[in-house]
4 protein chains.
Amino acid sequence: MTDFFRDIPEITYAGPDAEGEFAFRHYDPSEMVMGKRLEDHLRFSVAYWHSFAWPGGDPFGGQTFERPWFGDTMEAAKLKADVAFEMFRILGQPFYCFHDYDVRPEGDNFAESAARLDEIGDYLGEKMQATGTRLLWGTANMFSSRRWMSGAATNPDPEVFAYAAASVKACMDVTHRLSGENYVLWGGREGYETLLNTDLGRERAHAGRFLQMVVDYKHKIGFQGAILIEPKPQEPTKHQYDYDVATVYGFLKEFGLEGEVKMNIEQGHAILAGHSFEHELAMARELGIFGSIDMNRNDYQSGWDTDQFPNTVPEVALAYYEVLKAGGFTTGGTNFDAKLRRQSLDPEDLILAHVGGMDVCARGLKAAAAMLEDGTLEAMRSERYAGWDAPAAQKMLDGSLEAAAARVGDEGLDPKPRSGRQERLENIVNRFV
Amino acid sequence: MTDFFRDIPEITYAGPDAEGEFAFRHYDPSEMVMGKRLEDHLRFSVAYWHSFAWPGGDPFGGQTFERPWFGDTMEAAKLKADVAFEMFRILGQPFYCFHDYDVRPEGDNFAESAARLDEIGDYLGEKMQATGTRLLWGTANMFSSRRWMSGAATNPDPEVFAYAAASVKACMDVTHRLSGENYVLWGGREGYETLLNTDLGRERAHAGRFLQMVVDYKHKIGFQGAILIEPKPQEPTKHQYDYDVATVYGFLKEFGLEGEVKMNIEQGHAILAGHSFEHELAMARELGIFGSIDMNRNDYQSGWDTDQFPNTVPEVALAYYEVLKAGGFTTGGTNFDAKLRRQSLDPEDLILAHVGGMDVCARGLKAAAAMLEDGTLEAMRSERYAGWDAPAAQKMLDGSLEAAAARVGDEGLDPKPRSGRQERLENIVNRFV
Amino acid sequence: MTDFFRDIPEITYAGPDAEGEFAFRHYDPSEMVMGKRLEDHLRFSVAYWHSFAWPGGDPFGGQTFERPWFGDTMEAAKLKADVAFEMFRILGQPFYCFHDYDVRPEGDNFAESAARLDEIGDYLGEKMQATGTRLLWGTANMFSSRRWMSGAATNPDPEVFAYAAASVKACMDVTHRLSGENYVLWGGREGYETLLNTDLGRERAHAGRFLQMVVDYKHKIGFQGAILIEPKPQEPTKHQYDYDVATVYGFLKEFGLEGEVKMNIEQGHAILAGHSFEHELAMARELGIFGSIDMNRNDYQSGWDTDQFPNTVPEVALAYYEVLKAGGFTTGGTNFDAKLRRQSLDPEDLILAHVGGMDVCARGLKAAAAMLEDGTLEAMRSERYAGWDAPAAQKMLDGSLEAAAARVGDEGLDPKPRSGRQERLENIVNRFV
Amino acid sequence: MTDFFRDIPEITYAGPDAEGEFAFRHYDPSEMVMGKRLEDHLRFSVAYWHSFAWPGGDPFGGQTFERPWFGDTMEAAKLKADVAFEMFRILGQPFYCFHDYDVRPEGDNFAESAARLDEIGDYLGEKMQATGTRLLWGTANMFSSRRWMSGAATNPDPEVFAYAAASVKACMDVTHRLSGENYVLWGGREGYETLLNTDLGRERAHAGRFLQMVVDYKHKIGFQGAILIEPKPQEPTKHQYDYDVATVYGFLKEFGLEGEVKMNIEQGHAILAGHSFEHELAMARELGIFGSIDMNRNDYQSGWDTDQFPNTVPEVALAYYEVLKAGGFTTGGTNFDAKLRRQSLDPEDLILAHVGGMDVCARGLKAAAAMLEDGTLEAMRSERYAGWDAPAAQKMLDGSLEAAAARVGDEGLDPKPRSGRQERLENIVNRFV
């Protein structure tokens, strides 16, 4: 036991009228919702990255957090893991996820880095065994080192492509070994700063080929988890190829991988792409590529990734509504890829940010379930499209332009608009949130 | 001859030091650039819509333009056509394009509307015959009438789908009859205001089916032009399905239409989607779906479509650079889908806005051609990726993740970043613009 | 009695578990909150403009609403007033507000327009007398007519300035006669489309002088209400001089009017200016110029004024928190300057949009009051600044740079950062919303 | 002589057709423009900060630049200065500017930091003496250290306020000693992340008091330069108090400092605030607070400060047009507060980025001067407002609302809109850029 979180109790459900900060007011893991435990709906996960590796910097300022585990030794890495698993215990988090970069210091060469990843993998495995915490996903950080400054799989230098292959292979191996439920790819450097120095066609072709290699390797090693791509339109680069769900879908179709790869959708990334979170979720569901979520929000007025803990129940409810309509999570979960504000220096802040986020998600999911069970929203939606259920409508859809066009004259059609009833639907949502 | 443009002379090329406003300073239609006449490179087109049908309103104000042809009679429609063709003559515009809505008043029912479209089609055909002006594209306005308020092909009401089919069929027919070189679809109402009342999956399926019908009809009537989709992310709706080039590509792939449909890309729409114009053009080229352009810019600080005439040569040059790299226009062209500012009341404003835009495009295209002929930019780009030309690199690309990964250890790879030289590339561009 | 709202009952408070749509679930006008009736806290107002005059158009489409009172006769204007007052009755709205343009058709000349305004003023006055509905504010529409296309008080043409003076005088007179509690100025055309044709200095000087004239006239006629300016950064123009609260404050200071004029702050306009609503409210409060609010939200992803009814309780609660900290409304109120979505065609939509908005505001205000009464947030804020309450700190503030600087060496200062506790504060807010 | 820039020649003017990259094509320091040498118009300055201290990091990646002077020793600081002055010589830059943080490593305590600043100040002074390079401005970095995470002058902790006073005093002293022409304040941490923990009124009052202390100290020590505030709306915080020129003007008026403080306006910051650069410059000129510029652009599609070298002549020309209309620079200048792209690793990139930027500025200023000398733009502007030059118009402006209003009836006014001629004005600009 480290003493980082000393005096902080395990967080348990105490109801909406709980006293004090260190309690769940809404998240009762065992509460049954639509026939499933709340914990199994939400499948909460902590991101090692932001909670334990990020030092609190921003573009105009450096480290603000002072953590006893900061440093580049294996001892520090193990202390970091000790504290992380203490936090998972305090919060009752069933899952966590990591980049290679978060859990081990980089070595002097690839072999050393890989050996360290293996070693820390063993260490994490023992802790997982002891605590029951599971790995939601693993991933390779291919954006922080200057090695990746011009891309990983899309780098103009084929040696970097090889290095990316080695990095992903190593991370897939450890993820597989730790029974990770997914493997994530985020292409933060797979894009460009300027078209002037970029061969867009070549880079996209390399990215497609790399993804195919990853999928092949997954099958080769028998990894049962899902391969997930996390879309984001920009930042750190001016443009990234995995702009949003629809863009990635086109990419997958281009390379014939739409049956192999799913989406890890982040609220903040949805916003940067000009979409709502629920839009991206609905789009992924309809395209058959919904996978998992990162539940961290961006500030609508800041044009960069602010990665804040969720705090707005109505927004979260609409997101889970789409998740539930997609059948809920299978391999995916609710990952907080969220950063403490850099002024939130204290261990208490780290715990309570998660407590607040988990309560917001619990309220959101329960509201979403209630809306679905109530059924009014879906009934109104169905009614709006009911005309299409008629055989004549379906026949028209299967026919030709001329046949459809002919109906106008033949039947004297002069269609009359009907109210879209948006405000009434919003009022209904507000009964639940 | 109407007297709307009285006293305004035909615009001819008079060189950079021309006196007065009524002259081209840079657009000499006969100038040879890369072995082709400038006119044949640029293929300028006037949009009937903004130049003759738009009354000058904005969300907070009504009509500012007072045009003798405003009104809903066929006489007014013919006067409008007379003035339009006078403008094409004054400007020496080889092409124009129109919506059904622009060229004829809507009738009391579809049959009357269609008959009017036929009648005005004959009138336009005679004028085209007489003047040599050609039709770049035709399109159906399926966004202005309240009939379309909830979508055309994606409307919850199948009768509206039928009406859309009839509208497109009628417009395709007249476009075909007038030897239009393309047919355009812009889905301004194919999207949603709120997900709460929207069946995203159903609407996209209907849109895909509709597009297939359009393609089938094209082949049936032997229309030789291209079917073009014009992407735009939002406005008038909150979200439109044809968000940007990459999104539309995914849509085409989903419905197996990527070989049948190309893109009509607008600078302002690119900006609304969070992209540069050159990005959208390069993406379309690489995906094999580049078609045509709307050369009207948006103000970067206004969050809506401002549809201004182009006025920034460096931006326009980078756009044409991508067009030339795509092989230039085939059926496509440079359409000014641009609105006069609503305070620009005078006939002179209408002429001179086009003169300025044409000169900017001529400068841009000539700069783009000079950059290509100079070759430095492309040489630097090729050099950056030269490592990929090696057989070992190509072999790696064809191999497995493990094989690529193994190179790191086997060859002791530790790749070193090389400068991306962005500023130097920008300096080179500035030698030409 | 018209039959527009036939079958729609008066809306009354029925509690959170009310059946059906036609009931307040949270707005009980008589509920006591912080010692005041909820109705007197909120001071709800309906905007004649959006609810009765706006036809449902957007930049790509025309009228969608079909209202029996549309037209430009005085009969239509009176029918419009009849229906409006029926809606006020149904909703129990204590206030309304209008533009001249909303309530009477424009005449053939100014005198006729003014006479019609007088006549309709009498008609409205009788209805107010009969129903007890009061006028929150009046205002002159100086943006819709082409007359104002280049500005009202800032027009390059002094005749337009005179016309603006006449328009404002007429509206102030009728507002005064109807015992309006405020008079509002919104400068939608007081800005520019391009700096190239704009004399920024001259236009701002004219705007300042015009505002002084308005203030002088207010005193002359003994109008007891407040003069309010409504900031908005852009749309319809590229830039408007009343960008945001801080900008207007500088303008008022420049012309010595900061004691005479207050702010009418709209959520949507705050967002367009890159601020949160609560920011603008807090800023106005601290600068001593808080007046009234327009409670209509913009969609964060649409770059224009969407003017939607409020539907997010947490946001509304934070806004009312600032209002309550400012002491609540005096002459101001909660005006819904909100548009139905243009697809919301039915009379029911109009009623229920207001019902939903009023319930959201009631929840928000009650949450804000509870947060204030709870006191935790304010206690934590005070504690954060407690160091400044020390006499030494205050003395430093009154002293010189050298004296403050000297403390560092003299006292060996090396200040240590303390947590800003943002997530904990957000958790506290979430107990109330 | 260090060998960092070995093989790079001094850059001299070689005309538009120069061979090779290492030449000015447009910047001839001695060229006479409007009666003044180009060098004296432009007053170019290099920012020590971005060119020598910034390591190439971004929010998702660390250092990319490998510079021999990186490190926290005084030896490294002197090597850095040696290289910097070599670059000034190569470029022929007349000015430079710095933060304390850029030129010396921070000490273990304030006294040591201050002593190091003194020592490096001497070192810089000798180099300035030897080379003739002058100091455009000095400033204190009060945003990078975690000490400032919650603000400097606006910190909740009065000890930080004292530390800020000491920091600014030390920087003002060294700036004064080195005959700096201005002293700059940029309040990157003077703002908030959340209103929930912020006492807006108190913070603004402290900021006002701090600024007064700075002004008092300037007078006390006899510093002849200008005090400049650099507005920026956000980033690193959610909101900064110095949002834009208009906001700062209101702040200065509130604290009675509008005669003492001027603006340092950055193109990129203007864009982040939703303005054009020329807007901010024109506004500062009209408010009498124009001072200096940072000529580094933001990417319009990236929602953060990209700080790129200028590369678009038309934009730069419009900016200098406003500068020249303000009478040109007095104490101010053209500072490149620009970052190399982080992939631009080579010494050549650093030199050529400045060369390109200087050429773009030279072209822009010469175009601006030509537009002014041509006079068409100003003549058209004057003509547009000519009605206001009539005595009757001026009399109306001095009179009452009633008197102005009475003109409408008395004179039968019915003002007719006149064209704003925006496109024609844009065409005229395009003759020069």
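**View 1. Where chain A meets chain C in this predicted model.** Here 43 residues of chain A are in contact with 43 residues of chain C, contact being heavy atoms within 4.5 Å. About 3400 Å² is buried between chain A and chain C, with carbon and sulfur atoms giving 41% of that area. Buried area is the accessible area (1.4 Å probe) that two parts lose on being put together, summed over both. On the chain A side, look for Gln301(A), Glu423(A) and Arg424(A): they supply 20% of the area that chain A buries against chain C, more than any other three residues.

A quick word on conventions: residues are numbered from 1 along each chain as its sequence is written, and chains are lettered from A and ligands numbered from 1 in the order in which they are written. Local features need pLDDT of at least 70 and side-chain atom pairs count only at pLDDT 80 or more, while totals for chains, interfaces and linings use all residues, and side-chain values use heavy atoms, with hydrogens and water left out.

**View 2. Polar links between chain A and chain C.** The rule finds four salt bridges across this interface, a salt bridge being a side-chain nitrogen of Lys or Arg within 4 Å of a carboxyl oxygen of Asp or Glu. Arg297(C) and Glu426(A) pair up in a salt bridge through their side chains, at 3.2 Å from N to O. There are also 26 residue pairs in polar contact between chain A and chain C, both residues at pLDDT 80 or more. For a polar contact, two N or O atoms sit within 3.5 Å; within protein, one must be able to donate a hydrogen and the other to accept it, and residues adjacent in sequence count only if both atoms are side-chain atoms. Helix 12 (347-374) and helix 16 (422-430) of chain A each bring at least two residues to the side that touches chain C, and helix 12 gives the most, with seven residues. Helices (H or I, at least four residues) and strands (E, at least two) are DSSP runs, numbered from the N terminus.

**View 3. The "binding site" residues of chain A, as listed in an unreviewed UniProt entry.** The record names Glu266(A), His269(A), Asp305(A) and Asp307(A). They are spread over 42 residues of sequence but cluster in space, the largest C-alpha distance being 10.4 Å.

**View 4. Asp305(A) and Asp307(A) up close.** Asp305(A) lies in the loop between strand 11 (290-294) and helix 11 (313-325) of chain A, and Asp307(A) is in the loop between strand 11 and helix 11 too. Asp305(A) counts as buried because its relative accessibility is 5%, and Asp307(A) does so at 2%; the cut-offs are under 20% relative accessible area for buried, over 50% for exposed and partly exposed in between (1.4 Å probe, protein chains only). Leaving out residues up to four places away in sequence, Asp305(A) touches several residues, including Glu266(A), His269(A) and, from another chain, Phe60(D). The side chains of Asp305(A) and Lys232(A) share a polar contact of 2.9 Å. With neighbours within four places set aside, the contacts of Asp307(A) include His50(A), Glu266(A) and Arg341(A).

**View 5. The interface of chain C and chain D.** Now 88 residues of chain C are in contact with 89 residues of chain D. Together these chains bury about 8100 Å², 65% of it on carbon and sulfur atoms. Leu196(C), Tyr385(C) and Leu401(C) lose the most area to chain D within chain C, together 10% of what that side buries. One salt bridge to find joins the side chains of Arg202(C) and Asp389(D) at 2.7 Å, N to O.

Notes:
UniProt positions renumbered as here; feature names shortened; annotations may be inferred.
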